[in-house]
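The following report describes the core, the sheet, two helices and selected loop positions of the structure shown below.

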Amino acid sequence: MARCDVCRAREARVYQAHTGRRLCDRCFIEDIKNRIRETVERFKLLEPGDTVLLAVSGGKDSFVLLDTMPEIHPPSKLVALSIIEGIPGYNKPQDILKMREYAKERGVDLVITSIKEHVGEDLHGIVKRSRGRGLAISACTYCGGLRRRLINTYARQLGVTKTATAHNLDDEVQTMLMNILRGDPARIIRQHPRAPRLSDKFVQRIKPLRYVYEWEAAMYSYLKGFKFQETECMFINEQPTFRARIRHWLFHLERYRPGTMLRMLQALDEMSRHLVEEAEGLPPLPTCKACGEPTSYGRELCKICELLQDVGLVYKTPTAKALTVHHNPVQGTSS
Ligand SMILES: [Zn+2]
Ligand SMILES: [Zn+2]
């Protein structure tokens, strides 16, 4: 029996390729928690007075966020939000309700909402309309944009000072490389942990799992006995092919030289630090003529209004009723 390289007492069960260590369950879990805590401290992501909205889906990364944050920040200052996209077979009501139980056990309330509540159609319905009009827009574009919008408007209405998402290292390195290969410095800056807020309508976003590998989040959840949803999103194959290629390429690089992704993101974060400081002098973003939310420089409509208008829909800002913890839009959504 191989012993853990850290405690030298318990049996090693996890091989952590990027450090070359074999770890027992407990030391592995501690290692992930420490890395998340260090990320929060290094970039000063949280101040003692902050209140934080945790954006959680039914997946493994969300579980890690929900499990670690109450140990880093007082649970009374946390509230979680789950968004039901309305994708047949995915993020089912029982997965979301299970998440609510996990949150409750950790002293955190979970607010549930759905895309349908705010748009009048669920994601499946939006995609059907889009196809019907011959638009070549992927489901991920609607889903990602609407999720970000909902997280931000709920955060504002709930009066929290930060939102935390469960993006892991793999997600972040893929996005960073896409931004570099597209030659888009504005997006590189926006992705930085210390990115400036270009509108007071944006609640600051933090990503505490930024330096945790996807496989580590999966292993953490597994070791903690979390049964994550096994059904894949039916739109998985619509993921932009550029991202899929980068993901594939990174996977091979990481296998050839473990730790590549971690070192790459750490170096890029360090290098873009001064760009981020310079961006603090930029003027505030203009607001969308239709919904009043911030939009990019030089635009009249925001991306969400544009996407929705093209399929004959309108975004409705969350109401007070939707903000209560006990409000439950699970009934009546596709399962
Ligand atoms: Zn150990
Ligand atoms: Zn708008």
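In this predicted model, the largest nonpolar core has 77 residues, and the members that touch the most other members are Leu53, Leu54, Leu65, Leu66, Ala80 and Val212. The greatest contribution to this core comes from helix H6 (residues 139–158), which supplies eight residues. Leucine 65 illustrates how distant parts of the sequence meet: leaving aside residues up to four places away in sequence, Leu65 touches Leu54, Val56, Ala164, Ala166, Pro208 and Leu209. In soluble globular proteins, nonpolar side chains tend to be buried together.

**The sheet**

An open sheet is built from five strands with parallel pairing, in the order E5-E4-E3-E6-E7. Strand E5 (109–114) and strand E7 (204–206) form the edges, each pairing on one side only. From one strand to the next, the twist averages 30°. Strand E4 (residues 78–84) runs parallel to E5 and is joined to E5 by six bridges. Within this pair, valine 79 is placed opposite aspartate 109 of E5.

**Helices H3 and H9**

Helix H3 (residues 93–105) comprises 13 residues; at 1.5 Å a residue the expected span is 18 Å, and the end C-alpha atoms lie 19 Å apart, in agreement. Its buried residues are Ile96, Met99, Arg100 and Ala103. Because these residues fall within an arc of 105° when seen down the axis of H3, they line one face of the helix. An α-helix has 3.6 residues a turn, so residues three or four places apart point the same way. On the face of H3 turned away from the buried side are the exposed residues Gln94, Glu101 and Glu105. The buried residues of H3 pack against H2, E4 and E5, so that H3 contacts both strands of the pair described above.

In helix H9 (residues 214–223), the buried residues are Glu216, Ala217, Met219 and Tyr220. They cover an arc of only 165° around the axis and therefore lie on the same side of H9. Their packing partners are strand E1 (14–16), helix H1 (25–42) and helix H2 (60–72).

**Positive phi angles**

Four residues with a positive phi are collected here.

| Residue | Location | Phi |
|---|---|---|
| Arginine 8 | segment before E1 | about 55° |
| Lysine 44 | loop between H1 and strand E3 (52–55) | about 50° |
| Glycine 107 | just after H3 | about 80° |
| Glycine 225 | following H9 | near 75° |

Arginine 8 takes its positive phi although it is not a glycine, and the same description applies to lysine 44. Is arginine 8 buried or exposed? A residue counts as exposed if 12 or fewer other C-beta atoms lie within 10 Å of its own; arginine 8 has 10 such neighbours and is therefore exposed. Lysine 44 also counts as exposed, with 10 C-beta neighbours inside 10 Å.

**The loop after H9**

Which residues does methionine 234 touch, not counting those up to four places away in sequence? Methionine 234, in the loop between H9 and helix H10 (241–256), touches Ile87, Pro88, Gly89 and Tyr90. The C-alpha atoms of methionine 234 and tyrosine 90 are separated by 7.7 Å, although the two residues are 144 residues apart along the chain. Methionine 234 is partly exposed, since 15 other C-beta atoms lie within 10 Å.

Notes:
Residues are numbered from 1 along each chain as its sequence is written. Chains are lettered from A and ligands numbered from 1 in the order in which they are written. This is a predicted model: local features need pLDDT of at least 70, side-chain atom pairs count only at pLDDT 80 or more; totals for chains, interfaces and linings use all residues. Two strands pair if DSSP finds at least two bridges between them. Helices (H or I, at least four residues) and strands (E, at least two) are DSSP runs, numbered from the N terminus. Axes are lines fitted to C-alpha atoms, for helices over the stretch in contact, and angles run from 0 to 180 degrees between N-to-C directions. A residue is buried if 20 or more other C-beta atoms lie within 10 Å of its own, exposed if 12 or fewer, and partly exposed in between; C-beta atoms are placed from the backbone. The arc is that of the directions from the helix axis to the C-beta atoms. Two residues are in contact if their C-beta atoms, placed from the backbone, lie within 7 Å. The expected span of a helix is 1.5 Å times one less than its number of residues. A nonpolar core is a set of buried Ala, Val, Leu, Ile, Met, Phe, Trp, Tyr and Cys residues joined through C-beta atoms within 7 Å.
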